[in-house]
Amino acid sequence: MFRTVKRIITWCGSFRRNLYIGFLFSFFSSWFAAMPVALAAWLIGTLAEDLRTGTAFDETWVMRSLLVMLLLIFLRFLFDYLRARFQEAISYELIARDRLAVGDALKRVSLGYFQTKSTGTILHAITTGLHTLENMGIRMIDNFVGGYLNFACIFLWLAYLNWKTAVIALLGVLVSLVCMAQISKYSAKNAPVLAKANKDLTSATLEYVRGLPVVKSFGKTGASMEAMRQACHDSRDINLKIEWGYIPFNALHLIALKVAAVAIAAAAFYLNRSGELGFVWMVLIVLLSFNVMASVEPIADSAHVLAVIDDALDHLDALKGEEFIDRDGKALTLDRYDIQFRHVNFSYGEGEERRQILKDVSFSIPQNTTTAIVGPSGSGKTTICNLMARFYDVDSGAVLVGGHDVRHLTCDSLLENFSMVFQNVYLFHDTIRNNICFGKPDATEEEMIEAAQKACCHDFIMALPDGYDTVVGEGGGSLSGGEKQRISIARAILKDAPIIILDEATASVDPENEHLIQAAISELTKGKTIIAIAHRLATIEQADQILVVDDGRIVQSGRHETLANEPGRYRDFIEIRRKSEGWELEGV
């Protein structure tokens, strides 16, 4: 519990000054909260004493005391306001900073990270976990520190009035501390289980939403809910378990404080009867006994939540602490754009699930040439392209771009030399303008339109209701496949990188759009180093070099004319493609 408080204070970093000033204002607020009680006790005690002794009471003290109380109440709320001004914004500032830091970290980790971590785990850490920290972190630490500061103020009052009543108050708080330690221990044990339940619920919800088209097409709406239903039940069960386990210790904590408050009042009566404590001071202590523990009672909630916050901080540190793939890289400027693979071996997965994809792969791609990569599905074609762009690091061997090992460059300085057009295009939920300018945000209007015209998408964009300011749906769902493909090519043309990777860019495009996309690709690839994963003969036959990949190895390489006339995988591939592309209906 105290370790988590210290951890939150450390997390505040440069905002710790504001946090400490907030604690100081909280301390003053506590004093000004206690002083009206003391003044009221003095006034009541003095009035009762005067009535008992028959002494005339100076009624002007009532108005004076009322004015002083109003001033003290005003000062209390003033310092509460100042505390909030200094402390309340801290968590929002820090969470915004940390979300950006996590985003930067995720951008720089190997893509293998996303194969070992589920989407639910990542989303939970960034959303649910950080949301808990954002809303509860500073508030709980203020409850914790402020609560004990308030108790310390009243404890000092009691110690000044009579040390015996102060000892009773201290004993009550010590007993409550033991109960809160148990609450904290119990919460720390269950916080990871709760976090896992929340991750599973997030993952199940995402899977359910993403799979709805398949579910509807197969009429399995009931079965598709099973994983989500189970995740909801697990989340409910762990939350109930935590609450039921929390109740006994919280009840003991409250009982200890209430018993201590009653004991303080009883002790004050006894001390007054024995002549050890004056009547006015007895009244003051009796009134304080109802307030002395009030600030400590909510700390049980803090003890419960602090364990959840501690788990959220663990996930945050884990995300921010992931090893950057380009940690040792340097920002280098390339002066040539040839690519070499030297005895590259690469595997996906970890441990027993590790699966080798590339096996001793070596080849060279000269600058300003076109290389086609062909081979059966799962042979390693896309993996080769991913290693060029350093989405992953090789197990052994080396990948060189422009004569530099890609491991010696930062991701940004390497990828600024690449433009990529994928088979499955992703467009951001943003305007078409911003999607095209994604790779070059400072592009002029003329440059953007020129790129769109070269990509053969200007005309259909201008036919949209808002032209280039039309907002496309998430993933570009409001556009057809061919339209998305041409926008992605416009994006690549505008970036004007010297190396182009085409990953089956026309594989799933309808014939009506294919000639437009082929024309766009021709504009994109002029004077560039081209690597094309392709199955269409028209694309392959024009390549300067063809690499045939089979079972993770380069089994053949050369030009189309040479490979087509020698036995091997390429000639088999050509025959299959010609048959599939030249099919016709009988009797037509």
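Me: Which loop holds Asn368, given that helices (H or I, at least four residues) and strands (E, at least two) are DSSP runs numbered from the N terminus?
Reply: This is a predicted model, where local features need pLDDT of at least 70, side-chain atom pairs count only at pLDDT 80 or more, and totals for chains, interfaces and linings use all residues. Residues are numbered from 1 along each chain as its sequence is written, and side-chain values use heavy atoms, with hydrogens and water left out. Asn368 sits in the loop between β2 (355-365) and β3 (370-374).

Me: What is the phi of Asn368?
Reply: Most residues other than glycine have a negative phi. Asn368 is not a glycine, yet its phi is positive, near 60°.

Me: Is Arg390 buried or exposed?
Reply: Buried means under 20% relative accessible area, exposed over 50%, partly exposed in between (1.4 Å probe, protein chains only). Arg390 lies in the loop between α12 (381-388) and β4 (396-401). Its phi is positive too, about 55°. The relative accessible area of Arg390 is 5%, so Arg390 is buried.

Me: How does Asn368 count by relative accessibility?
Reply: The value for Asn368 is 45%. Asn368 therefore counts as partly exposed.

Me: What does helix α2 (residues 16-53) reach from its first C-alpha to its last?
Reply: Helix α2 has 38 residues. The expected span is 1.5 Å times one less than the number of residues, which gives 56 Å for α2. The model comes close to that, at 55 Å.

Me: Which residue just after α2 takes a positive phi?
Reply: The phi in question is about 80°. The residue is Gly54.
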